[in-house]
Amino acid sequence: MTNNILKINSNTYQLFEHNKSIGTISTYTNDYHNQNCYLKFNLLTYPLSSPFSLIMQDKKKPLQVMLDSTEKSLIDFLTKNGFQLKRRCFSLTVKKDNMKLLPEEKITIQKFDIHNNKYLDCCDFLYQYYKNSHKVVSPLTISKDQFIKEVPTKTGYYHLNENFQIKNIIFTENNEIAYICSTNPKTCPKFIQSVLLDMFSSFESIFFEADDTDWAAMDLLNQFDVDITQSFNTYILDTFITKNKLDNNL
């Protein structure tokens, strides 16, 4: 019912149950992924009726929520109201002892930094891979020039095939693997293993994040025997038909 939700400013909706306020849902945007409208919750309890069709109608965009997998009650509320789990992101800090197997053979890898003549090629490679791997969840909406200027780290590793074409890249920042991208599923695992051994020669531990929608990142994760029961999840509501109207207090 329309008296259950009230728009109190351009990015905030107040919710009511039995004529009493139960808190707010606020919205925000992400310039890198501007196709969806992102939600944050500040609710004392969850409403009996869904507020999402009216918010989507007002924003004219799919709705996206990012939250920890331990937030069971909010996840239950979202899924009961049409949100679908689109991505799980695993954040890991690993040591060499966590590797499942040490590689029997290594492949040749090259290091790069911002001064290397391959750096911009690596950035372009990352842009194309990042764009493709994110389009199923929330498409990239910034230009390639802006992406290259702001996103990649300044150091990393790459691997060339027999025709001297880049096929695998890892961008690093100290002991963090910031990005991994590849066009060769056959050589990617060996590339990862070779990079890991080199990094572990300098760092006791390595940090990285892996999305389950990104096959190369999951190849990285699968090098380790670690607990992945907890994740940071993305839920999206992209279709909702409604004939109701939103009460607007503006």
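**View 1. The surface of the whole predicted model.** In this predicted model, the protein has an accessible surface of about 13700 Å², and 46% of that area belongs to carbon and sulfur atoms. As for overall extent, the C-alpha trace spans about 65 × 35 × 25 Å along its principal axes. Of the 250 residues, 45% count as buried. On the charge side, there are 27 positive and 28 negative charges, and their mean positions sit 6 Å apart.

**View 2. Secondary structure and the contacts across it.** Count up the elements and you get six helices and 13 strands. Now take the contacts with a separation of 6 or more: residues 24 or more positions apart account for 69% of them.

**View 3. Into the largest pocket.** The volume here is about 670 Å³. A set of 31 residues lines the largest pocket, and if you're hunting for its centre, the residues nearest to it are Tyr 130, His 134, Tyr 179, Glu 209 and Asp 211. Which elements give two or more residues to the lining? On the strand side they are β5 (63-68), β6 (84-95), β10 (176-182), β11 (205-211) and β12 (232-237), and the helices are α3 (119-134) and α6 (215-221).

**View 4. His 33, tucked into a loop.** Look for His 33 in the loop between β3 and β4 (37-43). Is this residue buried or exposed? His 33 has a relative accessible area of 7%, under the 20% cut-off, so it is buried. Beyond its neighbours within four places in sequence, His 33 is in contact with Tyr 38, Tyr 130, His 134, Ser 138, Pro 139, Leu 140 and Thr 141. Two of those partners, Tyr 130 and His 134, also turn up among the residues nearest the centre of the largest pocket. Another partner, Ser 138, is 105 residues away from His 33 in sequence, yet the two C-alpha atoms are 5.9 Å apart.

**View 5. Asn 168, with its neighbours around it.** Asn 168 belongs to strand β9 (residues 166-173). Its relative accessibility is 0%, so Asn 168 counts as buried. What does Asn 168 touch, not counting residues up to four places away in sequence? The aromatic names on the list are Phe 125, Tyr 157, Tyr 158, His 159 and Phe 191, and the others are Cys 181, Ser 182, Asn 184, Thr 187 and Cys 188. For a distance to the pocket region, try Glu 209, one of the residues nearest the pocket centre: its C-alpha atom and that of Asn 168 are separated by 17 Å, with their positions 41 residues apart along the chain.

**View 6. His 18 and Asn 19, side by side in a loop.** Both His 18 and Asn 19 are in the loop between β2 and β3 (20-28). If you check backbone torsions, phi of His 18 is near 55°, a positive value in a residue other than glycine. Asn 19 also has a positive phi, near 65°. With 68% relative accessibility, His 18 counts as exposed, and Asn 19, at 69%, counts as exposed too.

**View 7. Ser 10, between two strands.** Ser 10 lies in the loop between β1 (5-9) and β2 (12-17). How does its accessibility come out? At 42% relative accessibility, Ser 10 counts as partly exposed. Lys 59 is 49 residues apart from Ser 10 along the chain, and their C-alpha atoms are separated by 9.7 Å.

Terms used:
Residues numbered from 1 in each chain as written. Predicted model: local features only at pLDDT ≥ 70, side-chain atom pairs only at ≥ 80, totals over all residues. Heavy atoms only, no water. Helix = DSSP H or I, 4+ residues; strand = E, 2+ residues; numbered from the N terminus. Buried < 20%, exposed > 50% of the residue type's maximum accessible area, 1.4 Å probe, protein only. Contact = heavy atoms within 4.5 Å. Areas by Shrake-Rupley, 256 points an atom, 1.4 Å probe, with all protein chains shown as cover. Lys, Arg positive; Asp, Glu negative; His and termini not counted. Charge placed at Lys NZ, Arg CZ, Asp CG, Glu CD. 1 Å grid on protein atoms, 1.4 Å probe; cavity = no way out; pocket = protein on both sides within 12 Å on 5 of 7 lines; lining within 4 Å. Points joined across faces, edges and corners; volume = space filled by probe spheres on them.
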